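Biologist: Before we discuss this model, I should like each label to be justified by its cut-off. Please show the structure, and I will ask for the reasons.

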Amino acid sequence: LKLSGGLLQIHQRQVIHADIWPPNILVQSDKTPVFIDFGESSFRELGIDTAGRHASKQPFVAPEGSGTVGADIYSLGCVLFYLATGQKRPPDEIRKEEMDNIDVLKNKIADEVKSCNKRLYEENAGIIDVITRCLRRSQHQRIPHAEGLIQDIETFAERFPNERFKIARVQKIYDDLNKNNPLFSWMANLRIR
């Protein structure tokens, strides 16, 4: 979430970082990440088309190259994958046509996270969806901007670890509502969804 917030601040200043990977992220003593090395960056408002710049086979560079918001999102998705698995690139066995298939991509990423970081997978399987949405081959199918990435992470963030134990209590309340007042039951169900 802090990484996404840092990227949001960069993009809000109309800057494309264009070189996001672990060595370009420092972590301060208060655990705040700081993006460094803006040597490849560009200013969006200047209207200079830098899309496709530095296209390469480097593991953290988007398929279309660097120089766009979408490419920064892809690179941050690679960093998230790295943090989740310790691997520097998404699964190598994904062929181009498989990477275009969102379900295949998600399953491959899920398999990697499950095998490398079972605890994360069990505690927050939603991170798989976040990473997958960042790593889609087509930048038009990716999370469009850092605000969307923050929203996705917050959706899946486990802010209340003890809530799992309260599910039985919620179910009982829901059942009581359903018996006594179907309207409230319907409203509660809608709110939960």
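Biologist: Why is D152 called buried?

Modeller: The relative accessible area of D152 is 15%. Buried means under 20%, exposed means over 50%, and partly exposed lies in between (1.4 Å probe, protein chains only). D152 is therefore buried. This is a predicted model, in which local features need pLDDT of at least 70 and side-chain atom pairs count only at pLDDT 80 or more, while totals for chains, interfaces and linings use all residues. Residues are numbered from 1 along each chain as its sequence is written, and side-chain values use heavy atoms, with hydrogens and water left out.

Biologist: What makes D152 and R133 a salt bridge?

Modeller: The term requires a side-chain nitrogen of Lys or Arg within 4 Å of a carboxyl oxygen of Asp or Glu. The closest N and O atoms of D152 and R133 are 2.3 Å apart, and the pair is accepted. D152 belongs to helix α7 and R133 to helix α6, so parts 19 residues apart in sequence are tied together. Helices (H or I, at least four residues) and strands (E, at least two) are DSSP runs, numbered from the N terminus. R133, at 27% relative accessibility, counts as partly exposed.

Biologist: How many salt bridges does the whole structure have, according to the search?

Modeller: The search finds five. One of them joins R142 to E64, with the closest N and O atoms 2.8 Å apart. That pair links distant parts of the chain, since R142 is in the loop between α6 (126–134) and α7, E64 is in the loop between β4 (42–43) and α2, and 78 residues separate them. R142 counts as buried at 3% relative accessibility, whereas E64 counts as partly exposed at 22%.

Biologist: How do you know that the length of helix α2 agrees with its number of residues?

Modeller: The expected span is 1.5 Å times one less than the number of residues. For the 17 residues of α2 (residues 69–85) this gives 24 Å, and the end C-alpha atoms are 24 Å apart, so the two agree. Of these 17 residues, 15 are buried, which leaves α2 mostly covered. Just after α2, G86 takes a positive phi of about 85 degrees.

Biologist: What makes the pair Q87 and E112 a polar contact?

Modeller: A polar contact is a pair of N or O atoms within 3.5 Å; within protein, one must be able to donate a hydrogen and the other to accept it, and residues adjacent in sequence count only if both atoms are side-chain atoms. The side chains of Q87 and E112 meet at 2.7 Å and qualify. The two residues are 25 apart in sequence, with 9.0 Å between their C-alpha atoms. Q87 lies in the loop between α2 and α3 (96–99) and is partly exposed, at 24% relative accessible area.

Biologist: Why is L190 called exposed, and which residues form a nonpolar patch with L190?

Modeller: L190 has a relative accessible area of 52% and is therefore exposed. L183, F184, W186 and M187 join L190 in the surface patch, with about 560 Å² of accessible area together. Patch members have over 30% relative accessible area and no salt bridge; like charges are joined within 9 Å, and nonpolar side chains (Val, Leu, Ile, Met, Phe, Trp, Tyr) within 5 Å. Accessible areas come from the Shrake-Rupley method with a 1.4 Å probe, and for residues only the protein chains shown count as cover. L190 sits in helix α9 (residues 182–192).
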